[in-house]
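Q: I should like to take a close look at one part of this chain. Please begin with a single sheet and then set it in its surroundings.

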Amino acid sequence: MSEPKTAKRDALMSIESKIQQIWEAEKAFEVNAPTIEEHPDISTIHEAHPKFLSTTAYPYLNGRLHLGHGFTISKIEFATGYHRLQGRRALFPLGWHCTGMPIRACADKLAREMEMFGKGYIVPEEPEVPEVENLNLKETPVAERVDPTKIVAKKGKVVAKNTGLKYQFQIMEQIGVPREEIHKFADPQHWLTYFPPIATADTKKIGYKIDFRRSFITTDANPFYDAFIRWQFNKLKALNKVKFGERYTIYSPKDGQPCMDHDRQSGEGVGPQDYTCIKLKVVEFSPETQAALAGNKEVEGKQIFMVAATLRPETMYGQTNCFVGVDIKYGIFKSHKSDELFLMTERAARNMAFQNLSPSNGEVVKVADLVGRQLVGSQVKAPLSTFASVYVLPMDGVLATKGTGVVTSVPSDSPDDFATVMDLKKKPDYYKIQPEWIVSYDPVPIINTPTYGSLAAPTICAQMKIASQKDKTQLALAKDAVYKDGFYNGVMIIGDHNGKPVQEAKPLIRQELIDAGLAVPYNEPENLVMSRSGDECVVALMDQWYLDYGEAEWRKQAEECLAGMNVYTEETRNAFEKNLAWLNKWACARSYGLGTRLPWDHNFLIESLSDSTIYMAYYTIAALLQGGSIDGSVPGPLGIKAEQMTDQAFEYILADGPLPTDTDIPKADLDKMKREFEYFYPLDVRTSGKELIPNHLTFAIYNHVALFPKKYWPRSIRANGHLLMNGEKMSKSLGNFLGLAEAVDKYGADAARLALADAGDSGEDANFEDSTANACILKLYTLMEWIQETLAAKDTYRKTGRDQYNFYDRVFESHMNKLINQAEADYEATFYREAVKGGFYELMAARDFYREACTLMDIPMNHDLIMRYIEVQTLIISPIVTHWSEYVWGTLLGKEGLVVNARWPKAGEVDENVLQEIEYLRRQLTSVRAAETQALKKKKKGKADVFDPFKPKKITILVAAKFPEWQEASIQVLKEAYRPEAAANGGKLFDDDFIKKELGAKGLMKDKKVMPFLHDLKKKAESQGASVFSRTLSFDELTLLGEHSEYLRKILGYDTFTLVKSDEVATVPELAAEEDIVRAAEQSVPGQPTFIVKNI
């Protein structure tokens, strides 16, 4: 009976299960600091007992872990395994985040659905439930600060978590919760007891080296962590880092509280965009509008303003008209002033209602409905404009989802406006307007720029040949160029601020407009934000507690910390620097969800991105406080109660504070906790997805520099991209999704781990390939099988000392030593894909070459070398393929102790000469095989008298003793023209004039071979430097080929193998008579012999 297709995978998984039981019994991943008795002096402890503390973003537990979690966690987990091999006490703890809205929102949905459908969630065929409108609003990147008054077509998408399921109970079923248990999840606290044990089991299943004694959940369900967060915020408040005041924040009217990043279904990272809303007073409505408002008592006797949001208040001097979208629905709304009405979109009115711009907070009072085409032809008074009044005109592409839907027009400085105005002037009938509404309203010079003069928009449109408002791509480029030049280099040439730089004038003009009642400040979300409760968020002006990120001194400390950190890539550093430059006040409290109560105001909870900034420090003492219970319900080994952990106690343990006076915890116990913290801190590396740089990771830097002495600031942060599945985004609805446990069930733990390592290491998105994971199963099983066979036959191998090594022994030894060093460097740099490439695939390839060479030459492999290979292979790959390595180490090799406690293999001497020699021989093999492949292609095309590699054959290799004189002379010229100092200062690497002069003087310019030869050499010099001028080989070419002629003959399958010096061809009559050999001899140069292959 044939074995099942999954037999190899199942065999590996059986081993993995047994190894995990061994780790559990041995408590392999529980790591402690040296006790005070072991090493009393903390100042020298790390020299005697090196450590490594690494953490990753603790997962949010509103479901099971997926492969994306596994990818991010693996970056830390692999590092932990490597640093254990280096003899460090490597600690990897992992907690579970439960703070915030998501769990509470889902629980509330389940409670509502239970009211609708009963405890069993039996849905009627046609349930009478309100339909949720499908909002298809387009979202543009947060980094783009676009002016809503300037219309640019952009494509985007809402990054939403779309499961394709309608009800929350269906989602619960999809993630594996039995229908009969779902009702329990209507209680948010049930989530905190249900998912953490599953997450723990899933991480154990894949073999992560986690010290689970230090795991915990957040929120006040864990009184110890709750006390820790209270200490954090009490200290921040005492340091004046937490403040109270009025500020703009993203807000969910439905939830009645700020909606922070972790509370969002979509729009993470989106913040408020600050605009100036210009009040365009209606002088006279168009006849269509007048008819629509006839008899409306709400508008009688009121001033009506069309309000236009702009990012460029300094350009208002140049208004020549205003624009509306003809199909957009507008409304007239009551404002904060009883005699003023605002005309805009309802979306804008909803935002204004939470910014003290409506009759009362949150109140939207619409008194009239209008459509854009009705407004065309109305006259308005535009503040600061040189025209007494301007007309309302149509514009293509005005968005109802940006700004207010009313767009003020400045054709002198906006390419979009200028292009639209020109369209209107050319085709008034087409746009259904009267010519007099626009024809005499020419662009007004308001800003002078060095690049585009005083009429920037007309100038650049002419330069770029923009003929219409439909030239969207060109207009986007023009707008970007004009706006940058105007803001950074422009000077005002009109108004009270004539002569001032735009950067200086802009805030002054804005404030003057507001103070004069001609404008109001207005904010809205930069892009669409949806809360997890399904509410489209607005911006609200609220009195609230906030962290004063961006405050000058605090920011300076954060920048100092970043400068001293390793962030692994320039892309990551640039992202941090950019974020520190703009990040400011951050609302840290809300009233809905789960979490820790604000210590001085229990009406508020600390939001989820604010209670997750320094929990890495809590890991160091969690095992002593919580006793392995994630919620602190079981007393820890010190028997301390949560109420004993006062702010003073935390300050003493974590921040070098004085001995506390408000707790009865014995000093010896406080010192035990202090020892754990002082030993493991600072954090050696922090890994998270790059999407957390704008919030969580930057917040972590800010909080560390505020709360801890400098010696405890984090040392490094590593940001990775997202994980794709087979080149596509993971999606449940598309069936392209794998849970962490599912991946282990499908591939086994080690194959999944190996494929995760192979997925990628940069900040770009990585790719988990199903084919790679399946190939890993075969690779691991085949290698294990080979090791078993090799060990069984080890007594048959050659037992000679190192002094009797043959060429192939020396090659294999040097390959191993070089790959040990290379893998060590890759692990240090956290390049796990490269570590797999060198430490697994290339090391196996080195073994394969050695094994094949020994077989071919009928020489037994060396016993000591092959045993060393098995040990080195096992150790190098053990941080990644840990179960497999543990099995080989303990069961097959019979080593004492665990491989996770072993030491990194020591690399011996690398003989670069022997590696150059084998590389040379390989190049010759490659060249001959390439020639044979080419011959086969010709033969398939039916060409006669073509060499047939499958018939008896002979090879003649022609070896040159020296380079042609023209090459030597040319190289000497190039060497003399080499100018590395000039290149370092922005000059040229070679003096071309010198080269031409010298080549001409030597008569080499006439030789057509010279210039292409030097061109190639110059290219090599750009990357390799002066080494390209050295033409000396480290070995005698003819001797090397002679010594290994039998190996080459056998591996290539030739019957005869002849070596000839190229300069002797002419002296041997039988060779000189063959034209192909003569030509080959002329082409041969040192290091690149030529050859002739023929059938016998």
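Three-letter residue names and strand numbers are welcome in the reply. In the open sheet of 3 strands with mixed pairing, what is the order of the strands?

A: The model is predicted, and what follows describes that model. The open sheet in question has 3 strands in the order β27-β26-β28, and its pairing is mixed. The edges of this sheet are formed by β27 (728-729) and β28 (766-768), each of which pairs on one side only. The remaining strand, β26, comprises residues 723-725 and is joined to β28 by 3 bridges, the two strands running parallel. Within that pair, Leu723 of β26 has Ala766 of β28 opposite it. The word "parallel" deserves a general remark. Strands of a sheet pair through backbone hydrogen bonds, and the pairing is either parallel or antiparallel.

A second open sheet offers a useful comparison. It holds 4 strands in the order β2-β1-β24-β25, and here the pairing is parallel. Strands β2 (89-91) and β25 stand at the edges with a single partner strand each, so one side of each has no neighbour in the sheet. Averaged over the sheet and with direction ignored, neighbouring strands are turned by 15° against each other. The pair β24 and β25 may be examined in detail: 4 bridges join these two parallel strands. One of the residues involved is Ser688, whose bridge partner in β25 is Ala719. A helix accompanies this pair, for α20 lies across β24 and β25 and runs at about 160° to β24.

The loops beside these elements hold a pair of aromatic rings. Tyr681 is in the loop between α19 (667-680) and β24 (685-689), while Phe708 is in the loop between α20 (693-707) and β25 (717-720). These two residues are 27 residues apart, and their pair links distant parts of the chain. A general point helps in reading such a pair. Two numbers describe a pair of aromatic rings, namely the distance of the centres and the angle of the planes. For Tyr681 and Phe708 the centres are 5.8 Å apart and the planes stand at 45°, so the pair is tilted. The reason lies in the limits used for the angle: planes under 30 degrees apart would count as stacked and those over 60 as edge-to-face, and the rest count as tilted. Both partners are buried, because residues under 20% relative accessible area are classed in this way: Tyr681 has 1%, and Phe708 has 3%. The structure holds 61 aromatic pairs, and the one just described is among them.

Helix α19 leads to a further neighbourhood, that of α18 (residues 647-654). The buried residues of α18 are Ala649, Phe650, Tyr652, Ile653 and Leu654. They pack against α7 (223-238), α17 (615-626) and α19. One of these buried residues, Tyr652, has Lys674 over the face of its ring, at 4.8 Å from the ring centre. Elsewhere, Arg312 lies over the face of Tyr483, at 4.4 Å from that ring centre. Just after α18, the backbone at Asp656 takes a positive phi of about 60°.

Strand β29 (residues 953-959) supplies another case of pairing. Of its 7 residues, 6 are buried, so this strand is largely enclosed by the rest of the structure. Strand β31 (residues 1090-1095) is joined to β29 by 6 bridges and runs antiparallel to it, with Ile955 opposite Val1093. Strand β30 (residues 1056-1061) is likewise joined to β29 by 6 bridges, but this pair is parallel; here Lys954 stands opposite Thr1056. In general, the side chains of a regular strand alternate between the two faces of the sheet.

A residue in a helix completes the detailed view. Lys837 belongs to α25, which covers residues 832-856. With a relative accessible area of 39%, Lys837 is partly exposed, because that class lies between the limits of 20% for buried and 50% for exposed residues. Its C-alpha atom is 16 Å from that of Ala79, although the two residues are 758 residues apart along the chain.

Finally, these parts may be placed in the whole chain, which has 36 helices and 31 strands. Along its principal axes, the C-alpha trace spans about 115 × 85 × 65 Å. The chain has 1096 residues, of which 55% are buried. Its accessible surface comes to about 47200 Å², and 51% of this belongs to carbon and sulfur atoms. Among contacts between residues at least 6 apart in sequence, 77% join residues at least 24 apart.

Key. Residues numbered from 1 in each chain as written. Predicted model: local features only at pLDDT ≥ 70, side-chain atom pairs only at ≥ 80, totals over all residues. Heavy atoms only, no water. Buried < 20%, exposed > 50% of the residue type's maximum accessible area, 1.4 Å probe, protein only. Phe/Tyr/Trp six-rings, centres within 6.5 Å; stacked < 30°, edge-to-face > 60°. Lys NZ or Arg CZ within 6 Å of the ring centre and 35° of its normal. Pairing = 2+ DSSP bridges. Axes fitted to C-alpha atoms, helices over the stretch in contact; angles between N-to-C directions. Contact = heavy atoms within 4.5 Å. Areas by Shrake-Rupley, 256 points an atom, 1.4 Å probe, with all protein chains shown as cover.
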